[in-house]
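Got your viewer open? Keep the selection box handy, and let's walk through this one stop by stop.

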Amino acid sequence: MFSLLDIIGTMAFAMSGALTAMNKRLDPFGVFIIAFVTAVGGGTVRDVLIGRTPVGWMLDLKYVYVIILGFILSVIFRKKFDKLRTSLFLFDTIGLGVFTLIGLERGIITGLHPIICIALGTMTACFGGVTRDILCNEIPVIFRREIYATICILGGIVFFALKKLNLNDDILYLVTCVVIILVRLMAVKYKWYLPALEHKR
């Protein structure tokens, strides 16, 4: 289940990056680069922080192949994504749930405290999107009013709460991932936002 979710998350973020880049009318090389950094950006930051080098995608070419496949599918079926923003949001949300989980697991394997594991999960899920948005000249979603990183933190808390119940790992992964995805979908549907901090003169 963990390996499958890893591939799904990589594919989802690669397609999210590719769709964003195509929306900005970048050339094929630019689209591929944005797809690549979106898919591996968060994991790269995480691996460097925990001293896991060379970073994961450099040791296993399956990630590169999955990103290439996501890029190709996005280009081939770009006209099918008639609601580009809806498709982008869906892939981004799936990636958010899966990559939070992957970051949590990497932290646990390294023997880190649950709070640090949650921080790593949040970085893994968010930093690829931050890099994507910066390169595409957008304000990163994580810095806007939409709750994004907060959902990853919530997912981490749910993960460790369920872990105390000694659930089967596959069920634990699936439930945590589904909780993150559902909360984000509900947050957007019902317009749940954090209040913006404004400087008053």
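## Stop 1: the aromatic cluster

Start by selecting F32, F36, W57 and F71, which together form one aromatic cluster. Keep in mind as you look around that this is a predicted model. Searching the whole structure turns up 5 aromatic pairs. Take F32 and F36 from that search: their ring centres sit 6.0 Å apart with the planes at 50°, so this pair is tilted. An angle between 30 and 60 degrees is neither stacked nor edge-to-face, which means it falls in the tilted class.

Where are these two rings along the chain? Both F32 and F36 belong to helix α2 (residues 28-49), with their positions 4 residues apart, about one turn of the helix. Colour them by accessibility next. F32 is partly exposed because its relative accessibility is 22%, whereas F36, at 16%, is buried. The cut-off between those two classes is 20%.

Now put F71 back in view alongside F32. The centres of these rings are 5.4 Å apart and the planes make an angle of 75°, so you are looking at an edge-to-face pair. This pair links distant parts of the chain, since F32 is in helix α2 and F71 is in helix α4 (residues 62-76), 39 residues apart. F71 is buried too, with 16% relative accessible area.

## Stop 2: the nonpolar core

Next, select L96 and F159. Of the 34 residues in the largest nonpolar core, these two touch the most other members. To see who else contributes, show α1 (2-23), α2, α4, α5 (84-110), α6 (114-135), α7 (149-163) and α8, the elements that each give two or more residues to this core. Which element gives the largest share? That is α8, with 7 residues.

## Stop 3: a patch on α8

Stay with helix α8, residues 169-189, and pick out V178 there. V178 is partly exposed, at 39% relative accessible area. Then add L174, L182, L185, M186, Y190 and W192 to the selection: with V178 they make a nonpolar surface patch of about 620 Å².

## Stop 4: the annotated stretches

Time to bring in the record. An unreviewed UniProt entry carries the annotation "domain: Glycine transporter" over residues 4-78 and 90-163. Select 4-78 and you get a stretch that is 81% helix and 0% strand, with its end C-alpha atoms 25 Å apart.

UniProt (unreviewed entry) also lists "transmembrane region" for residues 6-22, 29-49, 61-77, 89-109, 115-135, 147-165 and 171-192. Try two of these. Residues 61-77 come out at 88% helix and 0% strand, with 24 Å from one end C-alpha to the other. For residues 115-135 the figures are 100% helix and 0% strand, and the end C-alpha atoms are 30 Å apart.

## Stop 5: out on a loop

Finish at N137, in the loop between α6 and α7. Is N137 buried or exposed? Its relative accessibility is 68%, so N137 counts as exposed. As a last step, draw a distance from the C-alpha of N137 to that of V158: you should get 34 Å, for residues 21 apart along the chain.

Notes:
Residues numbered from 1 in each chain as written. Predicted model: local features only at pLDDT ≥ 70, side-chain atom pairs only at ≥ 80, totals over all residues. Heavy atoms only, no water. Patch = residues over 30% accessible without salt bridge, like charges linked within 9 Å, V, L, I, M, F, W, Y side chains within 5 Å. Areas by Shrake-Rupley, 256 points an atom, 1.4 Å probe, with all protein chains shown as cover. Salt bridge = Lys/Arg side-chain N within 4 Å of Asp/Glu carboxyl O. Buried < 20%, exposed > 50% of the residue type's maximum accessible area, 1.4 Å probe, protein only. Phe/Tyr/Trp six-rings, centres within 6.5 Å; stacked < 30°, edge-to-face > 60°. UniProt positions renumbered as here; feature names shortened; annotations may be inferred. Core = buried A, V, L, I, M, F, W, Y, C linked by side-chain atoms within 4.5 Å.
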